[in-house]
Amino acid sequence: MVLEIRHLRMVDAIRREGTVTSAARVLNLTQPAVSHALRELEQRLGVELFRRDRKRMAPTPEGERLLRSSELVLVELARVERELEQYRDGARGVVRIATACYTCYNWLPPLLKQFREQHPQVSVEIVPDVRLEAVEAILDHRLDLAILYEPPNTGEVAMCRLFDDELVAILGPDHPLSERKQLVAEDFASEHFISQCPLGESLFHQQVLGPAGVEPRQWSVIPLTEAVIQTVGSGIGVSVLPRWLVHPEVDAGRLCAVRVTAGGMKRTWYAAALEDRMRSGPVADLVRELKAKGFEAACCCRVAAR
């Protein structure tokens, strides 16, 4: 292998500092040593990495390509070094977590706060931008733990069942369907459905509407849970949300909740992580907390918010 970490640090320093002399100073090397190392690297690769002039070293297109990769590698190395320092100092590391549904953010942060207070040596980071590719992010080591409501179609990650909840249809208090004991797919055909995600990503569409060949009259996406509740409460549309989430609004008469299908629309939550992390360490500790307290936290979060 031609490229080594010292090469990546060298080209990164030259790009940032602009000259070999300044880069050498940052790297604690002599200017001739850096110049020699750069020429040797270019000869090995067979390309010129920097255009040389009297004032500043500018990367060539080949140099830019190498710099893009070197930046990713050096950032990841720095992160690993920080985590290893935490282990050395008695810390347990960082847990990066993501969820498959926005409603989790109603109950997850308070639970993470409790976990952090009980495990001050563990830093927990919520990663919201990998919601739809959580399993891939776990396999790529960009994510440590995912909370999912569908088991992934791969045996490469370990799964732990957390808890079950029920999704119910929510309607305004004066909606004609509010007196029904249960709703079926056909009841939504003439409705304006308010969803937190696009139609193709909706569990409600996958499990209820799609199999029945039913499409709502209109489908609108509003990612914010509170906005969905307020929109439905004002009579603009209907939606489907967890029963625990809307319980306070139903009790207060601001919403009506109706079961979806005769057996109810149940959802099972899972924790997903790499096998070795699920067995021990901070990820395993957090999964145990989620399994023991996740449903309780979900049921309490809306009451506490009022």
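Accessible areas here come from the Shrake-Rupley method with a 1.4 Å probe.

**Figure 1. The whole chain, before we zoom in.** This is a predicted model. The chain exposes about 16,000 Å², and carbon and sulfur atoms supply 52% of that area. Of its 306 residues, 47% count as buried. The secondary structure comes to 11 helices and 12 strands. If you look at contacts with a separation of 6 or more, 72% of them join residues 24 or more positions apart.

**Figure 2. A close-up of the largest nonpolar core.** This core has 68 residues. Inside it, the residues with the most contacts are Trp107, Leu145, Ile147, Phe204 and Leu290. Strand β6, covering residues 158–171, gives the most to this core, with nine residues. Another core, of 18 residues, lies apart from it; Ala23, Leu38, Met57 and Leu66 are among its members. As a general background note, nonpolar side chains tend to be buried together in soluble globular proteins.

**Figure 3. Leu145 and the residues it touches.** Leave out residues up to four places away in sequence, and Leu145 still touches a long list of partners. On that list are Val95, Arg96, Ile97 and Ala98, along with Ala271, Ala272 and Ala273. Val283, Leu286, Val287 and Leu290 are also touched by Leu145. Leu290 turns up again among the residues with the most contacts inside the largest nonpolar core, as does Leu145 itself.

**Figure 4. Strand β6 and its antiparallel partners.** β6 is mostly covered, with 11 of its 14 residues buried. With strand β12 (residues 265–273), β6 pairs in the antiparallel sense over nine bridges. In that pairing, Met159 stands opposite Ala272 of β12. Strand β10 (residues 239–242) also runs antiparallel to β6, joined by four bridges, and here Ile170 stands opposite Ser239. Strand β11 (residues 256–260) is another antiparallel partner of β6, again over four bridges. For that one, look for Leu171 opposite Cys256.

**Figure 5. An aromatic cluster of Phe188, Phe193, Phe204 and Trp219.** A search of the whole structure finds six aromatic pairs. Take Phe188 and Phe204: their ring centres are 5.0 Å apart and their planes sit at 70 degrees, so this pair is edge-to-face. Phe188 lies in the loop between β7 (182–183) and β8 (192–195), while Phe204 is in helix α7 (residues 203–212), so the pair ties together parts 16 residues apart in sequence. Phe188 has a relative accessible area of 2%, so it counts as buried. Phe204 comes in at 3%, so it is buried as well. Phe193 and Trp219 make a stacked pair, 4.7 Å centre to centre with 25 degrees between the planes. That pair links distant parts of the chain, with Phe193 in strand β8 and Trp219 in strand β9 (residues 218–221), 26 residues apart. Both Phe193 and Trp219 are buried. Put the four residues together and you have one aromatic cluster.

**Figure 6. The β8-α7-β9 unit.** β8, α7 and β9 make a right-handed β-α-β unit. Its two strands, β8 and β9, pair in the parallel sense over four bridges. To find your place in the pairing, start at His192, which stands opposite Gln218 in β9. Phe193 of β8 and Trp219 of β9 form the stacked pair from the previous figure.

**Figure 7. Helix α2 and what it packs against.** Helix α2 covers residues 20–27, and Val20, Ser22, Ala23 and Ala24 are its buried residues in this view. The buried residues of α2 pack against α1 (5–17) and α3 (31–45). Ala23 is also one of the residues in the 18-residue core. After α2 comes Asn28, whose phi is positive, near 60 degrees.

**Figure 8. Helix α9 and the glycine that follows.** Helix α9 runs over residues 243–251. Its buried residues are Trp244, Leu245, Val246, Pro248 and Glu249. α9 is followed by Gly253, with a positive phi near 80 degrees.

**Figure 9. Val73 in helix α4.** Val73 is found in α4, which covers residues 61–88. With a relative accessible area of 34%, Val73 is partly exposed. Its C-alpha atom and that of Ile5 are separated by 8.7 Å, although the two residues are 68 apart along the chain. Leaving out residues up to four places away in sequence, Val73 touches Ile5 and Leu8.

Methods. Residues numbered from 1 in each chain as written. Heavy atoms only, no water. Buried < 20%, exposed > 50% of the residue type's maximum accessible area, 1.4 Å probe, protein only. Contact = heavy atoms within 4.5 Å. Core = buried A, V, L, I, M, F, W, Y, C linked by side-chain atoms within 4.5 Å. Phe/Tyr/Trp six-rings, centres within 6.5 Å; stacked < 30°, edge-to-face > 60°. Pairing = 2+ DSSP bridges. Right-handed = clockwise from strand over helix to strand, strands pointing away.
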